[in-house]
Amino acid sequence: MTQHPDTSPAFDDERTSAESAESESVESERARQVQAEQAIVDTAYGELDRQLEAARRALARTEAAGASGTHQSRGERDAYAAHYASLVSSLEGVEDRLVFGRMDLSPEAVEAGGAASNGPVTDGGRRHYVGRAGLQDERRREVVLDWRAPLARAFYQATARDPMGLVRRRHIDTRQRRVIGLEDEVIDVQALGDAAGSRAAVDGLQGEGALIAAMSAARDGRMGDIVATIQAEQDRIVTSDGKGILVVQGGPGTGKTAVALHRVAYLFYSERARLERSGVLLVGPSRTFLRYVEQVLPSLGETGVVATTIGDLVPGVRARGTEDPAVHELKGRALWTEVLRRAVRDLQRVPAEPREIVVQGVRLTLRPADVTEAMSRARRSGRPHNLARETFVLWLLERLTDQYARATRQDASDADTRAWIREDIRTARDARREINLCWMPTTPVGLLERLWARPALLERLAPELTAAERVLLERPAGSALTSADVPLIDELSELLGPSEDAQAQRARLEARRREELVSYAAQAIASQDLGDGMVTAEMLADRMADTGPSLTLAERARSDRTWTYGHVVVDEAQELGAMAWRALARRCPVRSFTVVGDLAQYSGPHAPSSWAEVLSALGTDAPEGTVGSAGTVPTASAAPSAPRSGGRRRGRGPRRGGSTPLREEVLTVCYRTPTTIMAAAESVATALDHPPVYPVSSVRDLENCLAATSLSGRDADDEAWARVLRETVLAESQALDDRVGAGGGRMAVIAPDPASVARLLGQDPVLEAAMQAPGGDVLRARLAVMSPVTSKGLEFDTVVLVEAAEVGRRSPGDLYVAMTRPTRRLHLVSRHALPQGLPAGPAFPSAR
Ligand SMILES: Nc1ncnc2c1ncn2[C@@H]1O[C@H](COP(=O)(O)OP(=O)(O)OP(=O)(O)O)[C@@H](O)[C@H]1O
């Protein structure tokens, strides 16, 4: 029996008295069971409260210790404070549905498990309560088993065919610490004598009642975790080894994002020591998407994740500009590796003729042969352009110093005299100009701007581009940077290294920080009577500096372009070009990646044909069976550095040795979109010659979930069109109110031109109010208006899709994405014709 309010008629309070005493006894049995589980849940929350209280007290104590109240250094105190703060937020994060499952083991499994199965709340070691965090009581007895523990695998994966030692699995539904529903599945009917009232497990979905309840809940603009209802095929991916590159693909709504996020939480559990040092990078398609998923990991107690878009990847670089998808795709191509390398080499020039330099009235000559020699020495240093420039300049200055000494008949054999002369030459305007012309220092943004603004330069450096492609790329200097520029800037940062300005600024910052530390240390020594003359402020400051700045790992990682992460997750990965993959490869030399996407949801002009093609810039081995040809290992000089995990990167050389294995997994069950809508989306995509790569089967269908309104052939004027649009959205809003309660759930209007559609809708005061987005966060509005690209990865109860045919003409992948966002209902509304491929039939009423 499924004892869940949403799925079980047995718990319906409205039963007539004619229903037998048998149902009354079921009722009282249910009440007894709920009560028993409530006691366990109370124990778990009691334990959570105790641990939270202890962590908060420790945090308060550490903070109250103040800057000079203890013998700890400030760095040590900050490290403790950061630890306790992270513990507090982890424990606070797991409040909602702390316990959600129970596993009853067979006696044989208990025996085989030995000491592992001796939880205090179990029935002689036969029961484990599974929850979002592992909790032990003061005597270190298990209260809640962490969902990621090896033992908990049976909760997600056991089936009648393979019980994995389980006789029964129980889903416990709680709301605000109160048990409100139970759902049992008998895994091993023979082992369990009292199976009456439980549903037998099948090899398909597990915890179906809880799953359907989760899927049917009204959306609130934020993705929730799925830890209570992870399905077996998902669990196997979540818990698979973190080594190498794992591609998780599948159609829309199959839980790819959810699985990737839970996998991060799992890796934090299974590889905590490594990931706590290095952190995890999560790359999403838009800031909106990152806000949409931001709660999932904290709700699983994990905080060491840096979430970013590709446009925000490089600290200090803001990509505000937009550009045509064709330009975006062009800038993502691998050819830029070579073109940018050439662009940097182009900054290093040997003059055709000797150049005259006048220093304090003395005529010197910059000789091409000396420049060539200086250049080859600088290049041999293997350092990036701006740093290698030091070698170049120094060697030339030495030659010019010799000339100067000869010309002025000075003896320059001693170091001091040489240094004086060198400084005179270095600061002479002539010398600076001529040396710069030979080895121009520059910034990544400055060099990229020059490439886009100077067609002749681009033509010289990138002959492999066609004239039409170069025209696409041209833009005036000073234009806003775009997200496709960012991986190129990252690549240039590798090739150029920090500019002189950046180096000087860094040195100034470090000097200031050092001064602060020394003065702080002096105060601490004075106020605490420390040292006894044996410790100087400098010595203490050195020690403080070693303990690092008082930032969380995520803060430090985010602000450091050279940080290397222990694992990288990329969502909507089909959109990334080779240059973005190279930038990510540099950030994860150990090549531990979870790559999530669907080739059918690709937005741009040239859809990739395989994941091996998408990921070739990472240097991958094709997986056996699924992908044809192996990827290539990057060979250019800016290729990612040698494997190393965690913290700041040192090595810069190309990655040598074998390529990284690529595994592909496919998810096939759609948990979001009803069957009717999925079928329509697949059929429309197929009609556009863009069939889904992996068709999916939806877990559920809903009546009346698909509708269309088209004014095609009616010669409607602007006003009539605006009216129809508003009426359609108002009617859908009302229908959603009726289904989930007034103002509940989330709606999106997805349109090729969202700004003009929002203007039309805003003329209605009700819709205007519904579009209000507190804090500018579109996900907090009841009604969000957005483009198909922005809707990637998101979901809504109801979607009104405007001008679907036009969306499909621009990009079939975008139409497929837009049609598959709703959890309940899709309404296509169009002034013109609807797209081809929409099915006829009762589920799809003909257009009004
Ligand atoms: N096992 C599950 N239990 C409950 N809900 C689930 C489960 N798996 C997925 N879902 C839900 O299904 C919806 C779709 O999941 P998700 O966004 O991860 O899919 P996706 O494959 O990334 O979709 P898309 O490719 O369209 O972006 C989400 O609401 C998610 O919470």
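Two residues are taken to be in contact when their C-beta atoms, placed from the backbone, lie within 7 Å of each other. The legends below refer to a predicted model.

**Figure 1. Overview of the predicted chain and its secondary structure.** The chain contains 31 helices and 25 strands. Of its 848 residues, 43% are buried. Among the contacts between residues at least 6 apart in sequence, 74% join residues at least 24 apart. The close-up views that follow are taken from this chain.

**Figure 2. Close-up of helix α24 and its surroundings.** Helix α24 spans residues 578-587 and is mostly covered, with 10 of its 10 residues buried. The buried residues are A578, M579, A580, W581, R582, A583, L584, A585, R586 and R587. The elements covering these residues include strand β9 (280-283), helix α12 (335-345), helix α20, strand β13 (563-564) and strand β14 (567-570). One of these covering elements, α20, is shown with α24 in the next view.

**Figure 3. Crossing of helices α20 and α24.** The axes of α20 (residues 485-496) and α24 (residues 578-587) come within 8 Å and cross at roughly 50°. The two helices are therefore oblique to each other, since an angle that lies neither under 35 degrees, nor over 145, nor from 65 to 115 is classed as oblique. The crossing of α20 and α24 is left-handed. On the α20 side the contact is made by P487, L488, D490, E491 and E494, and on the α24 side by M579, A580, R582, A583 and R586. By class, this contact comprises 5 nonpolar and 5 charged residues, with no polar residue. As background to the spacing of such positions, an α-helix has 3.6 residues a turn, so residues three or four places apart point the same way.

**Figure 4. Pairing of helices α26 and α31.** The axes of α26 (residues 675-687) and α31 (residues 812-819) come within 9 Å and cross at roughly 175°. Helices α26 and α31 are therefore roughly antiparallel to each other, because angles over 145 degrees are placed in that class. Helix α26 contributes I677, A680, A681, V684 and A685 to the contact, while α31 contributes P812, L815, Y816 and M819. The contact of α26 with α31 has 9 nonpolar residues, no polar residue and no charged residue.

**Figure 5. The annotated loop between strand β8 and helix α7, with G251 and G253.** An unreviewed UniProt entry lists G250, G251, P252, G253, T254, G255, K256 and T257 under "binding site". G251 lies in the loop between β8 (245-250) and α7 (256-270), and G253 is also found in the loop between β8 and α7. G251 is buried because 27 other C-beta atoms lie within 10 Å, and the class requires 20 or more. G253 likewise counts as buried, with 26 C-beta neighbours inside 10 Å. Leaving aside residues up to four places away in sequence, G251 touches D598, C670, P692, Y694, P695 and V696. With the same exclusion, G253 touches C670, Y671, R672, T673 and T820. C670 thus appears among the contacts of G251 and among those of G253.

**Figure 6. A716 in the loop between strand β21 and helix α27.** A716 is placed in the loop that links β21 (706-710) and α27 (718-740). With 16 other C-beta atoms within 10 Å, A716 is partly exposed, a class that falls between 12 or fewer for exposed and 20 or more for buried. Not counting residues up to four places away in sequence, A716 touches L711, W721 and R831. A716 and M747 are 31 residues apart in sequence, and their C-alpha atoms are 26 Å apart in space.

**Figure 7. Positive phi at Q176 and at E572.** Most residues other than glycine have a negative phi. Q176 has a positive phi near 45°, and E572, also not a glycine, has a positive phi of about 50°. Q176 is located in the loop between β5 (166-175) and β6 (178-186), whereas E572 is located in the loop between β14 and α24. Q176 is exposed, with 8 other C-beta atoms within 10 Å. E572, by contrast, counts as buried, with 23 C-beta neighbours inside 10 Å.

Methods
Residues are numbered from 1 along each chain as its sequence is written. This is a predicted model: local features need pLDDT of at least 70, side-chain atom pairs count only at pLDDT 80 or more; totals for chains, interfaces and linings use all residues. UniProt positions are given in the numbering used here, feature names are shortened, and annotations may be inferred rather than shown by experiment. Helices (H or I, at least four residues) and strands (E, at least two) are DSSP runs, numbered from the N terminus. Axes are lines fitted to C-alpha atoms, for helices over the stretch in contact, and angles run from 0 to 180 degrees between N-to-C directions. A crossing is left-handed if the near helix is turned anticlockwise from the far one by less than a right angle, and right-handed if clockwise. Ala, Val, Leu, Ile, Met, Phe, Trp, Tyr, Cys and Pro count as nonpolar, Asp, Glu, Lys and Arg as charged, and the others, Gly among them, as polar.
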